[in-house]
Amino acid sequence: MTSVQAKVDDRRRAPASQVGARRRALTIAGLILGVGIAILLSLSFGSRTVSMAEILEGLTSWAQGRTPAEIGAIAVQERIPRTVLAIIAGAALAVSGALMQAITRNPIADPGILGVNTGAALAVVCGIAFFGITSPYQYLWLALGGAILTAIFVYNVGSVGPGGSTPIKLALAGAATTAALSSLVSAVLLPRTAAMDTFRFWQVGGVGGADWGTMAVIAPLLVAGTLVAFICAPALNALALGDDVAVGLGVRIGRTRLLAAVAGVVLCAAVTAVAGPIAFVGLMVPHVMRMLVGPDQRWILPLSALGGAVLLTLADTIGRLIGYPGETEAGIVTAFVGAPVLIIIARRSRIKGL
Amino acid sequence: MTTHTAMPDLAARTTLVRAGRIRRSRRRVIVIVILAVAVLALISAEIMLGKTIYPVSDVLAVMRGESVPGASFTVGTLRFPRALIGALAGLAFGAAGTTFQTMLRNPLASPDVIGISAGASAAAVVCLVVLRWSGTATMFVALIAGVATAAAIYLAARGGESTGGRLILIGIGIGAMLDAVVSFAIQRAAQWDVAVAMRWLTGSLNGSRWESVLPLGIAVAVLLPLLVLLSRELRALELGDAAATSLGVRVDHVRVLLILAAVALTCFATATTGPIAFVAFLAGPIVSRLVGHGSSLTIPAALMGACLVLTADLIGQFAFDTRFPVGVITGILGAPYLLYLLIRTSRRGGSS
């Protein structure tokens with residue numbers, strides 16, 4: 001190759017990569033701004049709407065560890081834990097969805113659609129009903145176990161036969177499993193009024209019941225899962241080219257898949273354990289990010305985390321507004337926003353793969 | 001010479017074909033009779049069994065309008081409407097399910113899998129639980145919502161090549177969205193009433209009353225015969241639009257009628273009992289095993305639907321210490337079959 005031609009190639013490549021870089025920078029800036037705005041909105045709206053001054057007062061007094069005098073500032077303090085939970089739960093769910101989509105090369109892989117949430121729910125219900133479990137710390141491990149088993153089951157049923165896991169097979173396997181498991185959940189719960197009381201607050205996903213203790217328990221899992229996800233990102237890029245090419249590029253595909261899958265399931269199971277089943281965050285956010293910054297997992301994964309945080313925090317705030325004076329769980333809001341996105345994905349002609 | 005050898009051959013073949021036809025139609029009639037007897041037996045069981053078991057004479061006396069102490073209330077007010085609504089809803093779900101499955105040539109395309117029941121259920125729960133409307137008004141709103149859902153799914157899935165798989169995928173998405181509406185409505189209801197919630201989440205015959213028998217009965221009495229009348233055209237449609245047209249079927253006309261009738265049956269039944277899981281989906285494939293290919297499945301599938309609902313309700317009432325709503329039982333029994341069907345279709349190569 002002559003140096004002239006190399007220069008021509010460089011010139012041809014340069015503008016495109018510059019556009020890509022500018023676009024990425026804009027996206028990152030927009031998402032960070034979005035997180036800030038979402039936090040502000042989440043702190044200010046609710047059954048009592050507060051002013052900017054009250055938010056400041058609430059935050060400063062919270063930082064100093066004292067109880068503020070005004071009721072508005074107290075309301076702000078009450079909203080701090082749920083805002084934090086919405087941010088970390090949204091981020092974890094979105095990263096989990098991005099990982100699952102990357103591993104399965106299937107555009108509709110999402111913890112909710114794969115039935116992972118219902119699997120976690122059944123495990124938790126059995127724990128409450130048969131073993132008298134009440135502490136969230138024990139829920140967590142049950143939810144984790146149930147989620148992992150369900151994910152493995154659904155993925156295997158959905159990838160039987162030639163062509164591997166097509167979106168339609170995966171969606172049907174997930175829907176059937178969800179139907180069976182939720183019937184079992186009802187069957188376990190109906191005879192036990194006490195268990196029903198404990199569980200019904202958990203059944204619809206939401207961040208209203210946030211408290212620092214349970215968040216502290218899942219925090220290490222979330223951090224570990226996210227780190228593994230980011231470390232796997234380059235290998236996942238290679239995986240997107242097909243197994244043969246990935247092996248040729250020196251990626252250990254079995255280990256990468258396993259690590260990324262464990263990280264993805266742990267992330268969504270940990271969130272499900274504290275916040276209940278929240279669907280469609282993991283489906284929507286990675287798709288939007290892929291549209292904005294292209295198919296590079298090294299960008300998709302961190303940006304999905306930001307996008308998921310914005311989405312779930314806003315969904316929680318919207319839920320508080322439309323449910324006024326009570327509140328509507330964030331899981332209901334995300335399902336309502338998410339289904340149209342699923343339809344758009346299904347309508348795209350090249351549905352078979354990413 | 002050729003005619004000499006061909007003639008007996010042809011005659012033999014004709015008798016063979018005729019014998020096959022007769023055998024198949026006899027098999028179909030036998031299946032229908034057995035299923036009809038089973039439905040009647042299940043209805044009687046549903047009426048007689050319970051905490052107190054009433055003998056046939058008491059039940060007959062109640063039916064004649066005589067007042068029998070105890071039995072008049074239990075049988076006349078509680079069990080009779082329950083049995084009738086169970087049977088009617090089963091007929092409606094079964095007939096509607098097999099119509100969709102045959103028309104779309106896909107066993108997975110039943111109204112409960114592709115989200116039409118969810119549409120009717122969401123409308124019904126909003127009207128009954130949130131707005132506190134009457135039963136009849138609710139029926140019509142549920143009907144409109146079901147038709148609108150079906151139209152939305154159809155429009156969203158139109159265009160492009162493989163409509164079948166896409167229709168199901170979109171249906172599942174719309175179903176998830178409408179289920180969110182149901183959860184929302186149940187939460188907004190004044191108190192979190194477990195019975196009401198279970199009814200709209202999984203379908204239940206608890207709280208069946210005489211008032212709801214009549215609208216559902218009229219709907220089944222009008223729409224089921226319509227589907228049966230159109231069953232010949234439906235079988236022609238299964239061969240593809242071109243073949244159906246050449247057989248003299250007005251394809252678009254018939255298709256719209258079939259969809260409307262099937263959606264309406266689903267909606268009326270759902271507005272009465274809630275979305276009883278998987279009955280519409282299961283009835284068709286089960287009877288097609290019993291009856292075999294090549295004959296209309298509408299009547300046997302409707303009867304099978306009624307058998308499924310009534311059997312599941314009896315299991316739910318008596319098999320365990322707790323009374324489970326019928327939808328929980330059909331959900332637990334039906335979902336594994338869906339998974340099995342999915343695995344079998346995938347093994348043979350692609351379900352989309």
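B:Gly76 counts as partly exposed, because 18 C-beta neighbours lie inside 10 Å. A residue needs 20 or more such neighbours to be buried, and 12 or fewer to be exposed. The model behind these values is predicted.

**Around B:Gly76**

Where does B:Gly76 sit? B:Gly76 belongs to helix α3 of chain B, which covers residues 71–103. Now look along the chain to B:Arg255. The two residues are 179 residues apart in sequence. Their C-alpha atoms are separated by 41 Å.

B:Gly76 also takes part in a helix contact. Helix α2 of chain B, residues 56–63, packs against α3(B). The angle is about 70°, and the axes are 10 Å apart. That angle makes α2(B) roughly perpendicular to α3(B), because values from 65 to 115 degrees fall in that class. The crossing is right-handed. From α2(B) come B:Asp58, B:Val59 and B:Val62. They meet B:Ala71, B:Ser72, B:Val75 and B:Gly76 in α3(B). By class, the residues of this contact are four nonpolar, two polar and one charged.

**A helix pair in chain A**

Turn to chain A. Helix α3 of chain A spans residues 71–104, and helix α10 of chain A spans residues 253–275. Their axes come within 8 Å and cross at roughly 150°. How do the two helices run, parallel or antiparallel? The crossing angle makes α3(A) roughly antiparallel to α10(A), because the class begins over 145 degrees. Here the crossing is left-handed.

Many residues take part. On the α3(A) side they include A:Leu85, A:Ala89, A:Ala92 and A:Leu93. Further along α3(A), A:Leu99, A:Met100 and A:Ile103 are also among them. On the α10(A) side they include A:Arg257, A:Gly264, A:Leu267, A:Cys268 and A:Val271. The residues of this contact divide into 17 nonpolar, two polar and one charged.

**The two chains as a whole**

Each row below describes one chain.

| Chain | Residues | Helices | Strands | Buried residues | Share of contacts 24 or more positions apart (among those with a separation of 6 or more) |
|---|---|---|---|---|---|
| Chain A | 354 residues | 13 helices | zero strands | 52% | 76% |
| Chain B | 352 residues | 14 helices | zero strands | 51% | 76% |

Read from the N terminus, chain A runs α-α-α-α-α-α-α-α-α-α-α-α-α. Chain B follows the pattern α-α-α-α-α-α-α-α-α-α-α-α-α-α.

What about the overall dimensions of chain B? The C-alpha atoms of chain B fill a box of roughly 85 × 55 × 35 Å along the principal axes. The radius of gyration of chain B is 22 Å. A compact globule of 352 residues would have a value near 20 Å, so the two agree.

**Where chain A touches chain B**

The chains also meet each other. In this contact, 36 residues of chain A touch 40 residues of chain B. Which elements give two or more residues to the chain A side? They are α6 (167–189), α7 (193–203) and α13 (330–347) of chain A. The largest share comes from α6(A), with 14 residues. By class, the chain A side has 26 nonpolar, seven polar and three charged residues.

Methods. Residues are numbered from 1 along each chain as its sequence is written. Chains are lettered from A and ligands numbered from 1 in the order in which they are written. This is a predicted model: local features need pLDDT of at least 70, side-chain atom pairs count only at pLDDT 80 or more; totals for chains, interfaces and linings use all residues. Axes are lines fitted to C-alpha atoms, for helices over the stretch in contact, and angles run from 0 to 180 degrees between N-to-C directions. Helices (H or I, at least four residues) and strands (E, at least two) are DSSP runs, numbered from the N terminus. Angles under 35 degrees count as roughly parallel, over 145 as roughly antiparallel, 65 to 115 as roughly perpendicular and the rest as oblique. A crossing is left-handed if the near helix is turned anticlockwise from the far one by less than a right angle, and right-handed if clockwise. Two residues are in contact if their C-beta atoms, placed from the backbone, lie within 7 Å. Ala, Val, Leu, Ile, Met, Phe, Trp, Tyr, Cys and Pro count as nonpolar, Asp, Glu, Lys and Arg as charged, and the others, Gly among them, as polar. The radius of gyration is taken over C-alpha atoms; the globule rule is 2.2 Å times the number of residues to the power 0.38.
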